[in-house]
Amino acid sequence: MQIKPDQLAAQLQRGLKPLYTLYGDEPLLALEAGDTIRAAARAAGHSERAVYTVAGAHFDWSTLLGAASSMSLFAESRIVEIRIPSGKPGKDGSQALQQYCAQLPEGVLTLVTLPRLDRQQQQSAWFAALEAAGTTVRFDAIERNALPQWLAQRLAAQSQRVAPGDEGQRTLAFFADRIEGNLLAAQQELAKLGLLYPAGELGFEQVEAAVLDVARYDVRKLGEAVLAGQVPRVLRMLEGLRAEGETPVLVHWALAEDIRALRRCKDAMAGGKPLPMALRENRVWGQKERLFERALPLLDTATLELLLEAAHVCDGLIKGLAHPAWPSEPWAALQRLALLLAQPLQGARGTASRTGTARLVLQG
């Protein structure tokens, strides 16, 4: 059974389940949930703890199954943790997990921790066995627009708050920009504020002086920001990815894939297919699905042709070729490509205006 993260505490109060599976994008939230489950288990008398970390394909699953048989025999009250950092238990691990779930040790609470899982992993037999045997909690990434509220809640938990009104929103927005994509470091910055300043209201200058820039970006989130038309955020993320040593080839591939998918969806719709079918056929789902639904009406075929041409030019620049109308530096070229797509999506402008803007950016 799968529950939402905010339902976990209430479920633990009603009684422990024999197995909990934690997985998703946010390590901080998964760690905190694990601590909450361990505390509840210790309060219920589970005093011993055994940890099994699946470090690779050579993990001996027989040790886990053997220990499970022994625990069932002696009915020890303990916590058993199975950590699979790769999210891939392998063939032997799949069979072992299914066997373990079918014969859960009596008097034992089992905690399985996993990273973010793709669709295929979530539909696997071993994951289905985990879901059927206990409680599963997925921790999705906290989107940028939800970060200010998350920060405000965390500040309130340590008896601090920002100023009311626009001033407070500016403080939270600044804080969110500094910690986006890195909640583990965000928690450290929050703890620092709790140590530096007393309970009560925090001003913008106090937060600005104390909070380090610990934001971490990934290419997937960059693509979402581009499709949302968030130009300042796109520029900030490109700078962050460059500073982190990301390869321009990967960034270009992600942007070009979105442009090609937009064009394929546009062609499918022009051929009479409904939008949901066009998105499904092009493997667009989740957050990207909502962004595509917004973007496609704002981009006509001529603009998408220019975007494809721009992606081709940018690909050549990254590989060392030259173009008279484009900057030769790969990251400057990537910035132009990203803006070429993001700028028309900032708002609902007229088609002629969007096409003219795209041609101007393409030609330099």
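Colleague: In strand 6, what is the bridge partner of Tyr 23?

Modeller: This is a predicted model, where local features need pLDDT of at least 70, side-chain atom pairs count only at pLDDT 80 or more, and totals for chains, interfaces and linings use all residues. Residues are numbered from 1 along each chain as its sequence is written, and side-chain values use heavy atoms, leaving out hydrogens and water. Helices (H or I, at least four residues) and strands (E, at least two) are DSSP runs, numbered from the N terminus. In strand 6, Tyr 23 has as its bridge partner Arg 138.

Colleague: How many bridges join strand 2 to strand 6?

Modeller: Two strands pair if DSSP finds at least two bridges between them. Strand 2 and strand 6 (residues 135–139) run parallel. The number of bridges that join them is five.

Colleague: Which residue in strand 5 does Leu 22 stand opposite?

Modeller: Strand 2 also runs parallel to strand 5 (residues 108–113), joined by four bridges. Across from Leu 22, in strand 5, stands Thr 113.

Colleague: How many of the residues of strand 2 are buried?

Modeller: Buried means under 20% relative accessible area, exposed over 50%, and partly exposed in between (1.4 Å probe, protein chains only). Leu 19, Thr 21 and Tyr 23 point one way, Tyr 20, Leu 22 and Gly 24 the other way, and all are buried. For strand 2 (residues 19–24), the buried count is six of six.

Colleague: How far apart are the closest N and O atoms of Arg 38 and Glu 81?

Modeller: A salt bridge is a side-chain nitrogen of Lys or Arg within 4 Å of a carboxyl oxygen of Asp or Glu. Arg 38 sits in helix 2 (residues 27–43) and Glu 81 in strand 4 (residues 78–83), 43 residues apart. Both are buried. They form a salt bridge, with the closest N and O atoms at 2.6 Å.

Colleague: Which residue forms a salt bridge with Glu 48?

Modeller: The closest N and O atoms of this pair are 2.9 Å apart. Glu 48 lies in strand 3 (residues 48–53) and its partner in strand 4, so the pair ties together parts 30 residues apart in sequence. Glu 48 is partly exposed at 40% relative accessibility, while the partner is buried at 15%. That partner is Arg 78.

Colleague: Arg 263 and Asp 267 are separated by about how much of helix 13?

Modeller: Their side chains meet in a salt bridge, 2.9 Å from N to O. Arg 263 is buried at 16% relative accessible area, whereas Asp 267 is partly exposed at 38%. They are four residues apart in helix 13 (residues 248–270), so their separation is about one helical turn.

Colleague: Which residues do salt bridges that share partners join into one network?

Modeller: By the same cut-off, the salt bridge count comes to 24. Shared partners link some of these residues into one network. Its members are Asp 25, Arg 116, Glu 143, Arg 220, Lys 221 and Glu 224.

Colleague: How many disulfides does the count come to?

Modeller: A disulfide is a pair of cysteine sulfur atoms within 2.5 Å. Cys 101 is buried at 11% relative accessible area, and Cys 265 is buried at 0%. The disulfide count comes to zero.

Colleague: How far apart are the end C-alpha atoms of helix 17?

Modeller: The expected span of a helix is 1.5 Å times one less than its number of residues. Helix 17 (residues 330–342) has 13 residues, so it should span 18 Å. The end C-alpha atoms agree, being apart by 18 Å.

Colleague: At the start of helix 17, a side-chain oxygen of which residue reaches to the backbone nitrogen of Trp 331?

Modeller: A polar contact is a pair of N or O atoms within 3.5 Å; within protein, one must be able to donate a hydrogen and the other to accept it, and residues adjacent in sequence count only if both atoms are side-chain atoms. Trp 331 is among the buried residues of helix 17, including Leu 334 and Leu 337. The oxygen within 2.9 Å of its backbone nitrogen belongs to Glu 329.

Colleague: Leaving aside its neighbours within four places in sequence, which residues is Arg 154 in contact with?

Modeller: Contact means heavy atoms within 4.5 Å. Arg 154 is in helix 7 (residues 147–157) and is buried at 19% relative accessibility. Beyond those neighbours, its contacts are Leu 28, Leu 29, Glu 32, Gln 187 and Leu 190.

Colleague: What share of the residues in the chain is buried?

Modeller: The chain has 18 helices and eight strands. Its C-alpha atoms fill a box of roughly 75 × 55 × 40 Å along the principal axes. Of its 364 residues, the buried share is 47%.
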